Amino acid sequence: MKALRGNIWLVLGILLLSGLHSHAQDETESIEFVMNLSKDRLGLNERLRVDFTMNKDGDNFKPPQFENFRVVMGPSQSISSSWVNGKRSFSKTYSYILVPTARGSFTINQATIEIDGQTYKTTPQQVEVTAAVDKPNDQKTVDDVADENLHLVAEVSKGNPYLNEAVTVVYKLYVSPNISVTNYRPLDNPTYNNFWSQDIPVTKHTAQNGTYQGKPYRYVVLKRVVLYPQKSGKLDIEPLSLEIFVDVPTNRRDFFGGRIYTSTSKTVSAGRRTINVKPLPEAGKPANFSGAVGDFDFSVTTSKTQLNASESLQAIVEVSGKGNLKLFQLPEPELPSSLEVYDPEYDEDIRTYSSGMEGKVSNNYTIVPSFRGKYPIPSISFSYFNPETGSYKTINSEEINIEVIEGPTSGSATAASPAANKQLVVPTGEQFHFIHITPNLSPIQVNRFFGSKLFFILLFAPLLLIPIAIFAFKKREAIASDVEGNKIKRANKLARKYLSTAKKELGNKEAFYVALEKGLHNYLKAKLHIETSEFSKDKITGILSDKKVEKADIDGFISLLTSCEMARYSPFSNVQMQQDYEKASEVISNLDKQL
């Protein structure tokens, strides 16, 4: 009896261990990773679909090289998960669409993936590629056709420009005659970091004939932008992404025999482009070089050369030509100290084309002489770098002589001699007086408070303070009711708050413009509750426009941000910094009245 009981327990233990082993074996064998081909024999003009399917999610999927095939789509992912009778079913697939590049018998090699720390591999499969067939039997989807016939390309004019040399980027949408585009919308506009950018508006989208990868296409120019790189080295031009709405023909036809079209949308991207920006050469760089890059002319002219004292004349320092006209500092004339010179008025007449900026910039100085004489305006020089020749060039202006015909001479205003300032001492007749022998003295009296002047002042003071208090109360009410005036005061106070750091750094160019830019962004952050440090100038312009802010104030705010960017690469004078500070105070005050 005991032996029988011992045999029963032995059998039960063996069954339990075999059950656990079979369960673990089932868990291991349940993981599958297979490769499926849409066909194992196809023509040279047909397409092959390859699916890599697994029944449990994994990591580090590595497809094969697909030798002798070209990938036209993929990888695309599809995931399926369901519960049936308490049992979970999962499937994940990586799909590729391949086009053969030659005839012959080829092998689709194995793919690998890691699942639960183990590496799984598919089994290689053979594919035979024959000569092209008359009617390919593979069915292309609408998305497949759209992918093959729609391309967004960014054409860059220069891949290796100099620092501050113009680079033009043209975005073209190539469309095959097999499909038609109905509309598009931008998804992600590039921000052009490390570039000074200027959009060239495309007013009309006109289709033109062209070729793409050797095939006939029609293309439309969607966007043009001129970039001026602000640092040397490899710089990335971020991609432009668009959603394109297209009509794709199908193999079906309507009642009258016309082809039926299917509408779909595709997301296309121009791709990230990288350019290598060359630094400006140090050899031969003039001492007065201020960052001008291009081909320029330089002149200094005056409105008149003869005038009378206290009359005014205009001296114009002008640079014209083609290049980065907005990104350098104009030279300042050295005028005699005897001439009264006012701060210059800056003027620009610039047009932006596909090749870059063209036009002129100038500073207009108002000069007023005080005395008669001849005053020379010495020659000043302007230096720039010409990227076409790869060298620096310096232009010197002509010396100008100003003649003041009528007016006082500087010698007539000299001080009179000491002898002329002497005064004669005139005797009065009684230069000395005797001491009084019998003085008229009065006894010392004790001042009493009651009935004194102080007593009456304190007595009637409350009566006098009542009308003063009433007047002050009414004045305070008037100030409180002045809504517009209070807005102006709060706006001025707010401007001083955000620009206090910048004011302390006046004279220190880098610290001043860093503080100014931070103050402008902090102001918008406080008023609109947004993080403006990640915004481009276009986005800030859009937000302020949506808030119904006047265009002049928006332009002023954007121009200040542009000055902050320019100050990192171009010299700025103390006068320019003072003007930017005052302009920032005015812009913040105006914005605060409208936000």
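What follows is a walk through the aromatic pairs, one strand and its partners, a proline in a loop and a surface patch. The model is a predicted one, and every value quoted comes from computation on it.

Start with the rings. The structure holds 22 aromatic pairs. One of them brings together Phe-66 and Tyr-96, whose ring centres sit 5.1 Å apart with the planes at 50 degrees, so this pair goes down as tilted. An angle of that kind falls in the leftover class, because stacked needs planes under 30 degrees apart and edge-to-face needs over 60. Phe-66 comes from the loop between β4 (59-62) and β5 (69-84), while Tyr-96 belongs to strand β6 (residues 87-100), so the contact ties together parts that are 30 residues apart in sequence. Both ends are tucked away: Phe-66 is buried at a relative accessible area of 6%, and Tyr-96 is buried too, with 6% relative accessibility. The two also belong to a bigger picture, as ring pairs link Phe-33, Phe-52, Phe-61, Phe-66, Tyr-94 and Tyr-96 into a cluster.

Tyr-162 and Phe-385 make another pair. Here the centres are 4.9 Å apart and the planes stand at 70 degrees, so the geometry is edge-to-face. This pair links distant parts of the chain, with 223 residues separating the loop between β11 (150-156) and β12 (167-175), where Tyr-162 sits, from strand β28 (residues 381-386), which holds Phe-385. Phe-385 is buried, at 0% relative accessibility. Tyr-162 has 16%, and since buried means under 20%, the label applies there as well. Tyr-162 has a charged companion besides: Lys-278 lies over the face of the ring, at 4.0 Å from its centre.

Next comes strand β16 and its partners. Of the 15 residues in β16 (residues 215-229), eleven are buried, so the strand is largely enclosed by the rest of the structure. What does β12 share with β16? Nine bridges join the two, and they run antiparallel; Val-169, for one, has Val-225 in β16 as its bridge partner. Strand β14 (residues 195-200) is also antiparallel to β16, and six bridges join them, with Ser-197 standing opposite Leu-227 of β16. Then there is strand β15 (residues 208-212), again antiparallel to β16 and joined to it by five bridges. In this case Asn-209 stands opposite Arg-218 in β16. β15 and β16 form a hairpin with two residues between the strands, and in that hairpin Gln-213 takes a positive phi near 55 degrees.

On to the proline. Pro-333 is part of the loop between β23 (313-323) and β24 (339-341). Buried or exposed? Pro-333 turns out to be buried, with a relative accessible area of 16%. Its C-alpha lies 7.9 Å from that of Val-317, and the two residues are 16 apart in sequence.

Finally, the surface. Phe-456, Leu-459, Phe-460, Leu-463, Ile-466 and Ile-470 form a nonpolar patch there, with about 580 Å² of accessible area together. Ile-470 is found in helix α3 (residues 453-481). With a relative accessible area of 45%, Ile-470 is partly exposed; the patch takes in residues with over 30%, so that value clears the bar.

How values were computed: Residues are numbered from 1 along each chain as its sequence is written. This is a predicted model: local features need pLDDT of at least 70, side-chain atom pairs count only at pLDDT 80 or more; totals for chains, interfaces and linings use all residues. Side-chain values use heavy atoms; hydrogens and water are left out. Patches are made of residues with over 30% relative accessible area and no salt bridge: like charges are joined within 9 Å, nonpolar side chains (Val, Leu, Ile, Met, Phe, Trp, Tyr) within 5 Å. Accessible areas come from the Shrake-Rupley method with a 1.4 Å probe; for residues, only the protein chains shown count as cover. A salt bridge is a side-chain nitrogen of Lys or Arg within 4 Å of a carboxyl oxygen of Asp or Glu. Helices (H or I, at least four residues) and strands (E, at least two) are DSSP runs, numbered from the N terminus. Buried means under 20% relative accessible area, exposed over 50%, partly exposed in between (1.4 Å probe, protein chains only). Rings of Phe, Tyr and Trp (its six-membered ring) pair if their centres lie within 6.5 Å; planes under 30 degrees apart count as stacked, over 60 as edge-to-face and the rest as tilted. A charge sits over a ring if NZ of Lys or CZ of Arg is within 6 Å of the ring centre and within 35 degrees of the ring normal. Two strands pair if DSSP finds at least two bridges between them.
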